[in-house]
Amino acid sequence: MSTRITGTSHLKSENVNVWFGERHVLKDVNITFPANQVTALIGPSGCGKSTFLRTLNRMHELIPGAGFAGKILLDGTDIYDPQMDPVNVRLNIGMVFQKPNPFPTMSIKDNVLSGLRLSGRKTDDASGLLESSLRRASIWNEVKDRLGDAALSLSGGQQQRLCIARALAMNPEVLLMDEPCSALDPGSTRRIEETIVELSESMTIVIVTHNMQQAQRVADETAFFLAEDGNPGGVVEFGNTEDVFNRPVDGRTNDYVNGHFG
Amino acid sequence: MSTSSEPTSHSPVRRTLKAKPFSRADRMFFGVARSASYFSVILIALILVFLFIRATPAFQSQGIGFIFGSNWNTSNPHHIVMQIGPMIWGSLLISVLGIILGVPMALSTAYFIEFMAGKTMARVATLVVDLLAAMPSVVIGLWGLVVFTPVASHWAELLHKALGFIPIFANTSGNFSASPFIAGWIVAVMIVPIITSISREIFSQMDRELINASLALGGSRSSTFFKVVLPTASGGVVGGVLLGLGRALGETVAIYFVLNLIFKVNWFNIIENQGGSVASMILSKFGEASDAEISGLMAAGLVLFVVTLVVNWIAAYIVNKAQPWRKL
């Protein structure tokens with residue numbers, strides 16, 4: 001087993017540029033994600049915020065023709081270092097996707113523990129890990145009596161919380177969430193938002209969202225992304241959520257957060 | 001306008017609604033589709049009836065020994081013995097070997113085309129596999145006899161030298177050609193295209209987010225394939241394998257070229273110079289068969305049909321048992 005990156009998590013992007021084939025989609029993104037805080041990435045569709053999120057755990061490189069420049073530092077180590085195994089990066093930086101995507105062939109229990117099986121790791125206390133992960137994702141009470149049931153027997157909101165539990169079981173330092181509530185009803189959304197706030201006590205969270213109320217409810221920091229007139233996207237404004245929404249420095253941020261476009 | 005809540009004095013007259021075609025074009029379309037399906041069902045039924053009628057004399061004269069016995073002697077017209085046990089077993093053995101050899105090849109090829117190759121490479125690989133599917137089986141048989149047999153005999157000899165203490169690699173004749181091992185390879189070559197193309201189709205329809213989820217959890221490409229891609233796609237993949245198995249069991253000409261058909265059951269000595277195959281046996285005997293023998297060959301065809309059907313049922317049952325989540 002190769003070594004894990006250790007220490008309190010501190011994630012930072014330095015001059016990140018991204019291409020899809022010839023198309024330059026992100027230019028010079030510099031963001032420092034404070035440890036144990038929630039950072040929201042907001043912006044209109046096509047501004048590159050989801051793309052940026054996927055560079056943070058090297059999922060971006062799975063797209064054919066993907067290009068990248070710059071650095072992503074996790075505790076000072078560049079995760080794009082040629083010596084770095086992307087598997088190790090993803091073990092430290094977990095991800096929750098837009099659409100709930102539990103493994104359809106596995107039970108609830110097997111879904112939670114799937115990361116261990118997939119990465120070839122073992123645990124001495126599988127049932128303890130199972131329970132703690134499900135508890136942290138606030139879904140334990142709903143599924144504790146049916147852990148052997150198929151994951152697809154759960155509702156959409158429960159499936160998404162199961163996916164959160166699945167990511168938490170690997171005990172990542174950073175959790176990336178790509179519009180985790182966009183496919184869910186308001187009740188499920190509220191529960192997941194509560195979960196996000198609880199989780200941020202023990203991990204760094206980066207969340208992409210289209211929902212500006214959600215950003216204000218859950219995020220400590222907010223970054224506003226924008227891609228103007230065919231130019232590559234970039235960060236227009238980054239700072240304390242309260243400031244970005246109520247006292248934006250840039251006029252474009254002001255227009256966006258007040259619903260004038262996007 | 002009256003309100004709908006007024007009580008009605010009469011009960012409503014119910015009529016059954018049917019989505020019947022109305023226009024002339026739709027009626028013709030339905031007519032053609034219906035007759036075509038009836039025609040195919042009737043055709044299959046007629047074939048079975050024909051086979052059954054022609055096979056009956058052989059079943060009557062040979063009894064249960066036709067299936068379980070291992071003797072074929074038609075030199076004395078007053079005492080014809082026709083028993084195809086070794087052929088039935090041989091067909092199964094060759095098919096299993098073909099599946100064991102062919103499925104990993106087919107799945108690897110499908111994975112390569114769908115997940116690894118660039119666009120051009122994927123197109124070329126697909127074309128080559130489709131070409132293989134279009135290859136007439138007689139050509140594969142000739143290739144198997146002239147080109148492949150010397151090569152595979154050498155492999156078999158090496159296997160025997162290294163692992164001869166294991167019974168399946170035993171060989172007492174010293175002749176390594178015309179064995180079930182070689183026939184299994186030939187069957188593998190013939191079923192790889194169909195299993196590849198079906199698996200590729202299934203892989204391409206898979207939700208990519210499941211693969212992303214696995215990789216994001218720290219899965220490697222290989223663990224993602226074995227623990228996520230394959231289980232999720234297993235229903236379709238097994239469907240492809242079953243189609244391949246059907247072809248393997250019925251494969252005739254190619255095996256006729258490369259296998260030494262002997263009326264003695266070769267249980268599992270796969271590199272021994274003797275084997276069986278119902279379809280190839282029919283082909284080999286048909287040319288000079290008397291009426292009574294023809295009946296025996298028809299009966300053999302019927303048995304092959306039933307065996308194929310049963311194997312398919314068993315496989316489908318296993319697939320269903322192995323995939324409880326599909327019942328959702």
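Guide: Let's start with a yardstick: buried means under 20% relative accessible area, exposed means over 50%, and partly exposed is in between (1.4 Å probe, protein chains only). This is a predicted model, where local features need pLDDT of at least 70 and side-chain atom pairs count only at pLDDT 80 or more, while totals for chains, interfaces and linings use all residues. Residues are numbered from 1 along each chain as its sequence is written, chains are lettered from A and ligands numbered from 1 in the order in which they are written, and side-chain values use heavy atoms, with hydrogens and water left out.

Visitor: Why is Asp229(A) called exposed?

Guide: Its relative accessible area is 79%, and the cut-off for exposed is over 50%.

Visitor: And what makes Asp75(A) partly exposed?

Guide: Asp75(A) has 23%, so that value falls in between the two cut-offs.

Visitor: What is the sign of phi in Asp75(A)?

Guide: Positive, near 50 degrees, in a residue other than glycine. Asp229(A) also has a positive phi, near 45 degrees.

Visitor: Why is Val306(B) called partly exposed?

Guide: Val306(B) has 41% relative accessibility, so it counts as partly exposed. Val306(B) also belongs to a nonpolar surface patch, with Trp313(B) among the other members. Patches take residues with over 30% relative accessible area and no salt bridge (a side-chain nitrogen of Lys or Arg within 4 Å of a carboxyl oxygen of Asp or Glu); like charges are joined within 9 Å, nonpolar side chains (Val, Leu, Ile, Met, Phe, Trp, Tyr) within 5 Å.

Visitor: How many salt bridges are counted between domain 1 and domain 2 of chain B?

Guide: The count is 0.

Terms used: Areas by Shrake-Rupley, 256 points an atom, 1.4 Å probe, with all protein chains shown as cover.
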